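Hello,

Here is the structure you were to receive, with notes on what turned up in it. Please read them with the coordinates open.

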Amino acid sequence: MFHKVLVANRGEIALRVIRACRELGVRSVAVFSDADAGAPHVREADEAVNLGPAPSAESYLRGDKIVAAAKRVGAEAIHPGYGFLSEREWFARLVRDEELTFVGPPPEAIAAMGSKTAARQLAIAANVPVVPGTTSALSDAAEATRIAEEFGYPILLKAAAGGGGKGMRVVREPGEMASALDAARREAKNAFGDDAVYMEKYIVGPRHVEIQVLGDSHGTMLSLGERECSVQRRHQKMIEEAPSVAVSSALRREMGATAVRAASAAGYVNAGTCEFLLDRDGRYYFLEMNTRLQVEHPVTELVTGIDLVEWQLRIAAGERLPFTQDAITPRGWAIECRITSEDPDNGFLPSTGRVEYLHVPSGPGVRWDSGIETGSEIGLHYDPMLAKLIVWAPDRERAVGRMHRPLLELTVHGIETPRDFHLRVMEDEDFRRGAIEIQWLERRLPLLVGTTPPAAGIRAAAVAAALLAQRDRTGSLTRRSPDPSEASSAQSDGAVADGWKQAARREAMGDRW
Ligand code: MV4
């Protein structure tokens, strides 16, 4: 095993990797921007290296500085986390060229999956089902319209260099082709510096189901089952679960074997994810492979009992996977809610400020993977995802039921979060039945924003009252006016309402505190 690993990331995922290192007896080295000097990942690591100013381009994306730091501190390996440099072929190559170990796939596998047209060709050659469409870039609208006749409308134009939904355009009829192709090209050029666009038949109303794979450098490639990721908005996942209600054990075996073929064909090593669309008739189509650890990896960890980050490190150090495919079956149900600094009641507007108070959920079946603490400053330099709340229970109904409790326990003051939004989803009858697909959330939004779930309001008022009381005693916290909407929902709870009323009375009387 390595002696020292540099963690080239920030926030909850940096902490996740640091924790895995600590359990393996590996020293961890954090990197940080000027904005993150006081961040938890910096404090929790054994060492830390400053990278530069807050903007990612001057800090967390500076592969040259990160590699130089790793060499300087004597780290043998670099874990990239997700985002930032995790899927940059040049970075994986630079790490290898500098005789360090990249905790992730070889650069060749990142490249093979990075081009969506190359990935489709590779998938077809490996007998992996893909959505009907082209495997090379379109030349012009006339050609595109001719080819579209073969697959039938609606058609989806996609950026060859793409992924994550950028540069995609739906074409419903031949008359829309020319302008859609223009728009897709422009967006692709902007986002990826490459205007190559190809075509697929547009699948209507599918689920997004992805398969976790784990491969070692000795030729073993295993499937760790699926995650259901259909609850998303504008290509940002909000809730993920494992397993999926739409996947039987027979389908799991089949999709797992398919994902293993796709990954093996790319020469893949380490943890990766094959994304599929699963249509209403149970047909599945390979979309793309994410060549990194994903945000939602904990739901797979909870149902398989396999620590993915531990195995990423072990595999990178040359160890063999000790399990066989038959030994891997999901047990129970796990659900993850992403806690972002966004306000669902205001169109998911990013929320910034200081986390004035944070109460962290815990208790049976609860996991809290977070990069924030009381006092954290949330700005606009980085991704709004602050934390993940994950629950495990013996079955789906109990997992959905359980999620209510830690959501109610979670209290964040100072910034907006989708806490109440998640509570409303847990109450939603479609969600409770598992009747979800990739368009579900955006259609359902009007029902899911705007009202405070009653129990959540009571808790918010209780905490606000306690905070005011504490401020009264110590005088050490910044003053914050009570929120009248929180006060009114507290009326049904005597003790809470009393505490609140006292605080409100002091406020009204203009006490100095
Ligand atoms: C599709 C599709 C329907 N038909 N391809 C979106 C991001 C990228 N990973 C691929 N995406 C899609 N490809 C065909 N042929 C619908 C989507 C899609 C989607 C996929 C997964 C999760 C969320 C999504 C939201 C909108 C569209």
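Phe431 is a good place to start in this predicted model. Leaving aside residues up to four places away in sequence, Phe431 touches Val231, Ile239, Glu241, Arg396, Val400, Val425, Met426, Ile436 and Trp440. Two of these partners, Ile239 and Met426, appear again in the largest nonpolar core: of its 37 residues, Ile239, Met426 and Phe431 touch the most other members.

Both strands and helices contribute to that core. At least two residues each come from strands S11 (236–242), S14 (333–340), S19 (366–370) and S21 (385–393), and likewise from helices H12 (396–409), H13 (419–427) and H15 (440–448). The largest share is that of S21, which gives five residues. There is also a second, separate core, made of 32 residues, with Val17, Cys21, Ala271 and Leu313 included.

Next, a charged residue on one of those helices. Arg444 sits in helix H15. Is Arg444 buried or exposed? Its relative accessible area is 19%, and because the limit for buried is under 20%, Arg444 counts as buried. Not counting residues up to four places away in sequence, Arg444 touches three residues that carry acidic side chains in your sequence listing: Asp428, Glu429 and Asp430. With Asp428 the side chains are joined by a polar contact of 2.7 Å. As for Arg354, it is 90 residues from Arg444 in sequence, and the two C-alpha atoms are 31 Å apart in space.

Now the ligand. Which residues come nearest to the ligand? Of the 18 around it, they are Lys158, Glu200, Lys201, Ile203 and Glu288. Three of these have a polar atom close to a ligand nitrogen, as follows:

- Lys158: a polar side-chain atom lies 3.0 Å from a nitrogen atom of the ligand.
- Glu200: an N or O atom of the side chain is 2.8 Å from a nitrogen atom of the ligand.
- Lys201: here a polar backbone atom is 2.7 Å from a nitrogen atom of the ligand.

On its own, the ligand has 520 Å² of accessible area, and the protein covers 92% of that. By type, the shell around the ligand holds eight nonpolar, five polar and five charged residues. Strands S6 (155–159), S8 (197–201), S12 (270–278) and S13 (284–290) each supply at least two residues of this shell.

Regards

Methods:
Residues are numbered from 1 along each chain as its sequence is written. This is a predicted model: local features need pLDDT of at least 70, side-chain atom pairs count only at pLDDT 80 or more; totals for chains, interfaces and linings use all residues. Side-chain values use heavy atoms; hydrogens and water are left out. A residue is near a molecule or strand if one of its heavy atoms lies within 4 Å of it. A polar contact is a pair of N or O atoms within 3.5 Å; within protein, one must be able to donate a hydrogen and the other to accept it, and residues adjacent in sequence count only if both atoms are side-chain atoms. Accessible areas come from the Shrake-Rupley method with a 1.4 Å probe; for residues, only the protein chains shown count as cover. Helices (H or I, at least four residues) and strands (E, at least two) are DSSP runs, numbered from the N terminus. Ala, Val, Leu, Ile, Met, Phe, Trp, Tyr, Cys and Pro count as nonpolar, Asp, Glu, Lys and Arg as charged, and the others, Gly among them, as polar. A nonpolar core is a set of buried Ala, Val, Leu, Ile, Met, Phe, Trp, Tyr and Cys residues joined through side-chain atoms within 4.5 Å. Buried means under 20% relative accessible area, exposed over 50%, partly exposed in between (1.4 Å probe, protein chains only). Contact means heavy atoms within 4.5 Å.
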